[in-house]
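Please open the model in a viewer and keep the sequence panel at hand. The tour below proceeds by selection, from the whole chain to single ring pairs.

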Amino acid sequence: SYPDPSRIVELDDVPVRFGPNGAEILPSFKALPEFSAVGMYQPGGLNLGHEDAPLRLRAAAVNSGFFAALGVLPLAGRTFDADDDRQARAAVVGFEVWRTAFGADRQMVNRQIRLNSQSFTVIGVMPRGFAFPDQADVWVPPLSDNQLTGTAYTAKVLGRLAPGVSVPQAIQAL
């Protein structure tokens with residue numbers, strides 16, 4: 001249930017590099033005018049709360065282009081921007097976790113939570129029903145947590161076709 005889903009494509013063999021800003025799609029690729037947004041994701045899991053009684057969450061490491069590629073806006077707060085890609089201590093929580101673990105607290109944005117015993121600032125809450133990929137409960141930037149985004153990080157990449165661009169045109173550009 002994404003806006004204009006026929007414009008979303010999965011991209012194979014996209015170069016992702018690791019540098020001082022974490023995992024990132026090569027700038028020349030992100031700049032292709034055939035795509036209005038390009039985002040990457042890697043599913044995994046993180047523990048919410050204290051070490052003595054953590055709640056296991058389905059998680060995804062995503063970059064700032066991920067939510068834009070899907071065309072989904074948060075229910076509250078915001079999603080990641082380029083600064084979050086580099087700072088890596090922000091989190092976006094899913095509607096169900098917000099409702100069940102945090103009592104649908106309307107003051108959740110800017111609140112600190114513990115994921116894998118590390119402090120994260122919640123910057124947004126996603127709307128009911130959004131749980132991509134793999135029924136994710138929480139999203140963090142790439143390299144936020146080594147357990148989720150360590151050396152085995154193999155990003156999957158999504159793109160949103162720019163207005164008026166067909167799949168064959170995008171393939172030709174690639």
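## The whole chain

For a protein of 174 residues, a compact globule would have a radius of gyration near 16 Å, and the value here is 16 Å, so the two agree. The model is a predicted one. Display the C-alpha trace and orient it along its principal axes: the spans are about 55 × 30 × 25 Å. Colouring by secondary structure brings out six helices and eleven strands.

A surface representation may follow. The exposed area of the protein is about 8800 Å², of which carbon and sulfur atoms supply 50%. Of the 174 residues, 47% count as buried. Among contacts between residues at least 6 apart in sequence, 72% join residues at least 24 apart.

## Strand E4 and its two partners

Select strand E4, residues 35-48. Eleven of its 14 residues are buried, and E4 is thus mostly covered. Which strands does E4 pair with? One partner is E11, residues 156-161, which runs antiparallel to E4 and is joined to it by six bridges. To find this pairing, select Met 40, whose bridge partner in E11 is Val 157. The other is E5, also antiparallel to E4, with eight bridges between them. Here the residue to select is Leu 46, which has Leu 57 of E5 as its bridge partner.

## The strands around E9

Move next to strand E9, residues 118-125. Three pairings can be followed from here.

- Strand E8, residues 112-115, is antiparallel to E9 and joined to it by four bridges. Ile 113 has Phe 120 in E9 as its bridge partner. Two residues separate the strands of this hairpin, in which Asn 116 takes a positive phi near 50°.
- Strand E6, residues 76-77, pairs with E9 in the antiparallel sense over two bridges. The bridge partner of Ala 76 in E9 is Val 125.
- Strand E7 runs parallel to E9, and four bridges join them. In this pairing, Val 93 stands opposite Val 125 in E9.

Val 125 is therefore a useful residue to keep selected, because DSSP bridges define strand pairing and Val 125 is the E9 partner of Ala 76 as well as the residue opposite Val 93.

## A buried aspartate

From E9, continue along the chain to Asp 137, in the loop that leads to strand E10 (138-140). Is Asp 137 buried or exposed? Its relative accessibility is 11%, and because buried means under 20%, Asp 137 counts as buried. Show the residues around Asp 137: leaving out those up to four places away in sequence, it touches Leu 57, Arg 58, Val 92, Val 93, Gly 94 and Val 97. Two of these have appeared already, Leu 57 as the partner of Leu 46 and Val 93 opposite Val 125.

## The largest nonpolar core

Now display the side chains of Val 62, Phe 66, Phe 67, Phe 80, Phe 130 and Trp 139, which touch the most other members of the largest nonpolar core, a set of 19 residues. Strands E4 (35-48), E5 (55-62) and E7 (90-93) and helix H2 (66-70) each give two or more residues to this core. The largest contribution, four residues, comes from H2.

Centre the view on Phe 130. Beyond its neighbours within four places in sequence, Phe 130 is in contact with Tyr 2, Phe 66, Phe 67, Leu 70, Val 72 and Trp 139. Another core, of 18 residues, lies apart from the largest one and includes Ala 59, Val 93, Val 97 and Met 108.

## The aromatic rings

To finish, display the aromatic rings alone. There are twelve aromatic pairs. Phe 67 and Trp 139 form an edge-to-face pair, with 5.9 Å centre to centre and 70° between the planes. Since Phe 67 lies in helix H2 and Trp 139 in strand E10, this pair ties together parts that are 72 residues apart in sequence. Both residues, Phe 67 and Trp 139, are buried.

Phe 130 and Trp 139 have ring centres 5.3 Å apart and planes at 35°, so this pair is tilted. Phe 130 and Trp 139 are both buried. As a last selection, take Tyr 2, Tyr 41, Phe 66, Phe 67, Phe 80, Phe 130, Phe 132 and Trp 139, which ring pairs link into a cluster.

Terms used:
Residues numbered from 1 in each chain as written. Predicted model: local features only at pLDDT ≥ 70, side-chain atom pairs only at ≥ 80, totals over all residues. Heavy atoms only, no water. Core = buried A, V, L, I, M, F, W, Y, C linked by side-chain atoms within 4.5 Å. Buried < 20%, exposed > 50% of the residue type's maximum accessible area, 1.4 Å probe, protein only. Contact = heavy atoms within 4.5 Å. Rg over C-alpha atoms; globule rule 2.2 N^0.38 Å. Areas by Shrake-Rupley, 256 points an atom, 1.4 Å probe, with all protein chains shown as cover. Phe/Tyr/Trp six-rings, centres within 6.5 Å; stacked < 30°, edge-to-face > 60°.
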